[in-house]
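Subject: Structure handover

Dear colleague,

I am passing on the structure below, and after it you will find an account of what was found. Please keep it open while you read, since the notes go from strand to strand and then on to the side chains and helices.

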Amino acid sequence: MGQITEEQRAIIKCFTCERLSCNPENQTLIKNFFSEKGRSLVWYLQNRAWQEDMECKTAYYLVKNFDNEIVLFFSLKCGALFDPLDENGIEENARQFQNLLEVIQGINGEGQKRDLALQLLERFRSGQNISIEQIKRRIKMNAQNARKLLLQLNQDKQSEGNEQIIRVGHTYPGIELVHFCSNDLVKDKWKAYGINHPMGEVLFWKFITPIIENIQQYVGCQYLFLFAADTSEDGSLINYYDVALKFKKPTEIGTNKPRYDFCCEFMCEDINELKKNQQAYFDNFNPDHDDVIA
């Protein structure tokens with residue numbers, strides 16, 4: 001694959017990106033925005049976005065072509081991801097480790113208690129080059145840590161006094177790509193430019209990535225995430241976000257999902273990887289002459 005050409009760069013460079021409410025004429029221009037698949041997003045742009053952008057609740061951006069037509073809009077806001085914390089699981093772990101510790105302590109006893117303790121210790125050290133004493137210390141430490149975590153959890157609930165607080169294992173700072181929608185009315189113009197990539201894909205890497213990188217210069221931020229509203233039978237939108245924009249569906253990270261995004265798929269991307277992916281995208285923008293195109 002070959003790099004993007006200077007001619008292609010010149011075409012893309014003619015596009016501009018600005019905040020929705022920074023220009024009064026945008027209130028009129030957004031009325032001419034249309035997307036068959038993104039009707040609900042367009043309704044939000046035309047009915048709610050201006051006020052939200054003015055109040056800085058959500059930052060809306062418009063990408064325009066050289067004819068001052070809106071070709072794409074997107075919006076960003078802060079969010080947080082986290083490692084889930086199973087409170088019931090913590091209590092169960094504390095109980096299990098305590099029971100295990102009590103059994104292990106029976107190794108100094110006689111008869112059935114001692115036999116059971118030895119069996120457990122041998123099972124734990126199976127395949128590990130460590131002594132029984134090391135295993136005992138490890139189990140004792142795990143039991144102490146489980147009890148300590150359970151105590152901290154209960155103390156925090158009592159001192160906080162807010163039942164709406166959700167306790168998690170670890171949090172990760174993030175930015176949510178709330179809306180991302182291209183204008184069907186200008187897609188024929190895009191095709192005429194001769195750029196063999198979808199408009200939204202190119203403009204994502206051209207405009208959204210630099211904004212995210214700039215935000216990271218001022219505040220700690222680890223992930224860019226979104227909720228994909230994929231109603232297709234073949235998961236084409238999920239595949240698009242995955243292959244073209246490099247978002248993944250994590251299983252180890254959670255977030256809060258608002259009612260607005262019910263039935264949508266949570267996807268995220270490490271921002272440090274986002275920078276590398278942007279470079280790779282434009283470095284491999286065009287097929288080589290000897291590439292076979294199916």
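A good place to start is the pairing of β1 with β2, two strands that run antiparallel and are joined by four bridges. Within that pairing, Thr16 is placed opposite Lys64 of β2. Please bear in mind throughout that this is a predicted model, and that what follows was computed from it.

For general orientation, the chain has 294 residues, of which 40% are buried, and its secondary structure amounts to 11 helices and seven strands. If one takes the contacts between residues at least 6 apart in sequence, 73% of them join residues that are at least 24 apart. The accessible surface of the chain is about 17,900 Å², and carbon and sulfur atoms account for 49% of that surface.

The strands

Strand β2, which covers residues 59-64, also pairs with β3, residues 70-83, in the antiparallel sense, and this pairing is made through six bridges. The two strands form a hairpin with five residues between them, and in the turn Asn68 has a positive phi of about 65 degrees. Two of the facing residues may help you to find your way here: Lys64 has Ile70 of β3 as its bridge partner, while Tyr60 stands opposite Ser75, again in β3. Lys64, then, is placed opposite Thr16 in the pairing of β1 and β2 and is bridged to Ile70 in β3.

How many of the six residues of β2 are buried? Six of the six are, and the strand is therefore largely enclosed by the rest of the structure. The cover extends to both faces of β2, for Ala59, Tyr61 and Val63 are buried on one side, and Tyr60, Leu62 and Lys64 are buried on the other.

Strand β3 has further partners. With β4, residues 170-182, it pairs in the antiparallel sense over 12 bridges, and in that pairing Ala80 has Pro173 of β4 as its bridge partner. With β6, residues 254-255, strand β3 forms an antiparallel pairing of two bridges, where Phe82 faces Gly254 of β6.

Salt bridges

The structure contains 11 salt bridges, and I describe some of them here. In one of them, the side chains of Asp53 and Arg19 meet with an N to O distance of 2.7 Å. Asp53 belongs to helix α4, residues 49-54, and Arg19 to strand β1, residues 16-19, so this salt bridge ties together parts of the chain that are 34 residues apart in sequence. As for their surroundings, Asp53 is buried, with a relative accessible area of 1%, whereas Arg19 is partly exposed at 27%.

Another salt bridge is formed by Glu69 and Lys189, whose closest N and O atoms are 2.7 Å apart. This pair links distant parts of the chain, since Glu69 lies in the loop between β2 and β3 and Lys189 in helix α8, residues 187-192, with 120 residues separating them. Glu69 is partly exposed, at a relative accessible area of 27%, and Lys189 is partly exposed as well, at 32%.

In a further salt bridge, the side chains of Lys249 and Glu265 meet at 3.5 Å, N to O. Here Lys249 is found in the loop between α10 and β6 and Glu265 in strand β7, residues 265-270, so the pair ties together parts that are 16 residues apart in sequence. Lys249 is partly exposed, with a relative accessible area of 45%, and Glu265 is partly exposed too, with 34%. There is also a network of salt bridges with shared partners, in which Glu18, Glu25 and Lys64 are joined.

A pair of helices

Lastly, please look at helix α9, residues 199-216, and helix α11, residues 271-283, whose axes come within 10 Å of each other and cross at roughly 145 degrees. Their crossing is left-handed. Among the residues that make the contact are Val202, Phe204, Trp205 and Ile212 of α9, together with Ile271, Leu274, Tyr281 and Phe282 of α11.

With best wishes

How values were computed:
Residues numbered from 1 in each chain as written. Predicted model: local features only at pLDDT ≥ 70, side-chain atom pairs only at ≥ 80, totals over all residues. Heavy atoms only, no water. Buried < 20%, exposed > 50% of the residue type's maximum accessible area, 1.4 Å probe, protein only. Contact = heavy atoms within 4.5 Å. Areas by Shrake-Rupley, 256 points an atom, 1.4 Å probe, with all protein chains shown as cover. Pairing = 2+ DSSP bridges. Salt bridge = Lys/Arg side-chain N within 4 Å of Asp/Glu carboxyl O. Axes fitted to C-alpha atoms, helices over the stretch in contact; angles between N-to-C directions. Left-handed = near helix turned anticlockwise from the far one by under 90°.
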